[in-house]
Amino acid sequence: MRTKKEIQEKIKEWEAADLPEGLRLEFANANQEKLEDAFYQDLNFGTAGMRGLLGVGTNRMNIYTVAQTTEALARHIDKQGDEAKKRGVVISGDSRINSELFKKVSAGVLRAHDITVYLFNGPHPTPELSFAVMYLHTYAGIMITASHNTKEYNGYKLYGEDGGQLPPKPADEIVAEREKVTNVFDIKQVAGGIKKIGADIDKAYLKQVESVTIDHDLVKRWGDKLTISFTPLHGSGGDLGSRALKQAGFDKVSIVKEQFEPDGTFPTVKYPNPEFHEVFKISESYGTDIELAVDPDSDRMGVGYRTEKGDYQYLTGNQIAALMINYILTAQKEAGTLPDNGAIVTSNVSSNLPELIAKSFGIKQFTVLTGFKYIADKIVEFDKKKNYTFEFGFEESYGFLIKPFVHDKDAVQAITLMSELAAYYKDRGMTIGDGLKEIYDKYGAFAEESDATEFPGEKGHQEMTQVMSDFRKRGPKEFGDTAVKVVEDNQLRLSKDLEDGTTKKIDLPKANVIKYWLEDGSWIALRPSGTEPKLKVYIGAKGDDIDAANKQLDYLKKQVGGLLKK
């Protein structure tokens, strides 16, 4: 963060620059408070790259901050030698405002360094970018997207040669290079020499998606009976998503036409986020058995199902994961294809239920930090050591991966499997809700929820830092009448048992996450977002049945809320 003097110097530097008309007008109309927020830091490069408001300033997404980060990437690739430059970078983007412009800027900066560039024409999903990096054997990938944020945002994700989001070491190196790019107005760009891609990669990707289907006979029986609504929420997943469902054999798919065309203004929704039930408002009018929604870059999926009463219920990311894991392992067991060395990978703020399900099938569960790149790292490790077969990976934030031809969460794969899962319960005369109850009856009931408190601007960042510091130094010994049993601090990489005072090392990379395990098996975790000015709170409650679990969840939410207000 910059000092007040440094902020004013940076503002004057931009004021003197020859800005495009849109940025120039915004600069001229901004008050001092807005300018200071736009310049108090360089846009943060976190767990999923950088993401921020569109606009003028070093703390905003614009052609200059995009060029600066791409110049840093180019210098990093220069240091890797001619082979890395020849392999090059593949660039894609979703439907957001300025995604096409930022793609063009990124391509121009890389070409100025004589780095090979593969450029997707038009909007394409994030998982396809991950696939393309591996398919084309490029050194890196760039995805222009702000995922599920509102229309005012855009972002920039970097991918490594393994198809996963860039791991910490090279990310830190690129951030260090970015700090050396001090004149953002004099970054060379070269047009031409760009390799355009699109339909060829679509075909290769969809061929791999075919492998997601497990029980082809089941799909044949129900493909023309199960009714499905599908919405890409004005994003990039409409074409590939609808084609994936069709090739899998699902013929009764209703495309939500009001939300199908790519449009970065998201005219029918304020938050294009499949976690929110509001995005299904139009889908409900289609009256289908299940509703599927994916976010603008098609890496997250939300699901609604029609109950016996005819209304719709919506699943959490954790519930979707539990259903998927249970179905995958059940179907493989019945088909005789369940591997002896299977493994699932979950984040440390996700539900415990998938682990219990996996264990019952003899499948190993691995816990990693939040950020799908850590799941990708495990996939790479399994491939290298040949010790485990990847079965499934997920984060509670509606991100799922079934087959590792992609090394990021993949909503195109997810909608394909979810449709098969719905057919499985239909075949048994059950709804998806009945299937979830069946799982709870067998393994116990779990209720989870996450929430986020915004801490905007420089002042907000300081307040959020202080909140985490207070919890770390004077953390609660109980939440209401439920005692804390163990505290896991990923920043210190230590786990402390509050009953006997013993400590253990946490075998995960350092991260600003604090997790409290309670005596009743529930848990609470706090984590500042790596890409947004938000403090995320995750709660997992356990009960004898779902009503008891939900009651405990509500109780713990109130307790945490009270502590955050102090």
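Where is the place of Arg493? Arg493 sits in the loop between β19 (482–489) and β20 (494–497); helices (H or I, at least four residues) and strands (E, at least two) are DSSP runs, numbered from the N terminus. The model is a predicted one, so to speak of local features takes a pLDDT of at least 70 and side-chain atom pairs count only at pLDDT 80 or more, while totals for chains, interfaces and linings use all residues. Residues are numbered from 1 along each chain as its sequence is written, and side-chain values use heavy atoms, with hydrogens and water left out.

Back to that loop. Arg493 is not a glycine, yet its phi is positive, at about 60°. Its relative accessibility is 28%, so Arg493 counts as partly exposed; on this scale buried means under 20% relative accessible area, exposed over 50%, and partly exposed in between (1.4 Å probe, protein chains only).

Phe266 also has a positive phi without being glycine, in this case near 45°. This residue belongs to the loop between β9 and β10, and Phe266 counts as buried because its relative accessibility is 2%. What does Phe266 touch, leaving aside its neighbours within four places in sequence? The contacts (heavy atoms within 4.5 Å) are with Ser95, Arg96, Asn149, Thr150, Lys151, Leu233, His234, Pro272 and Pro296. Glu33 is another matter: 233 residues separate it from Phe266 along the chain, and their C-alpha atoms are 28 Å apart.

One of those partners, Lys151, is found in the loop between β5 (140–144) and β6 (153–159). With a relative accessible area of 39%, Lys151 is partly exposed. Not counting residues up to four places away in sequence, Lys151 touches Leu54, Arg96, Ile97, Gly264, Thr265 and Phe266. Ile97 is 54 residues from Lys151 along the chain, but the two C-alpha atoms are separated by 7.3 Å.

A third loop residue to look at is Lys409, located between β16 (399–401) and α15 (411–427). Lysine or not, Lys409 is buried, since its relative accessible area is 4%. Beyond its neighbours within four places in sequence, Lys409 is in contact with Pro127, Gln165, Asp299, Arg300, Phe372, Glu395, Gly399 and Phe400.

Now for the strands on either side of the Phe266 loop, and their partner β8. In a regular strand the side chains alternate between the two faces of the sheet. Strand β8 (residues 228–231) is covered on both faces, with Ile228 and Phe230 buried on one side and Ser229 and Thr231 buried on the other. β8 runs parallel to β9 (residues 253–255), joined by 3 bridges; two strands pair if DSSP finds at least two bridges between them. Within this pairing, Phe230 stands opposite Ile255. β8 also pairs in the parallel sense with β10 (residues 290–294), over 4 bridges, and there Ser229 has Glu291 as its bridge partner. Together with helix α11 (residues 238–248), β8 and β9 make a right-handed β-α-β unit; right-handed here means that, with the strands pointing away from the viewer, the path from the first strand over the helix to the second runs clockwise.

What about β13? With 6 of its 6 residues buried, β13 is largely enclosed by the rest of the structure. Gly342, Ile344 and Thr346 point one way from β13, and Ala343, Val345 and Ser347 the other way. β13 pairs in the parallel sense with β15 (residues 389–395) over 5 bridges, where Thr346 is matched with Phe394. The pairing of β13 with β14 is parallel too, over 5 bridges, and puts Ser347 opposite Val368. With helix α13 (residues 353–360), β13 and β14 form a right-handed β-α-β unit.

These strands lead on to the second largest pocket, which holds about 670 Å³ of space. Its lining has 25 residues, of which Phe366, Thr367, Val368, Asp507 and Leu508 are the closest to its centre. On a 1 Å grid over the protein atoms alone, a pocket is an open set of points where a 1.4 Å probe fits, with protein on both sides within 12 Å along at least five of seven lines, and lining residues have an atom within 4 Å of a point. Grid points are joined across faces, edges and corners, and the volume is the space filled by probe spheres set on the points. β13 (342–347), β14 (364–368), α14 (372–385) and β22 (514–518) each supply at least two lining residues, with the largest share, 5 residues, coming from β14. By class, the lining has 7 nonpolar, 10 polar and 8 charged residues (Ala, Val, Leu, Ile, Met, Phe, Trp, Tyr, Cys and Pro count as nonpolar, Asp, Glu, Lys and Arg as charged, and the others, Gly among them, as polar).
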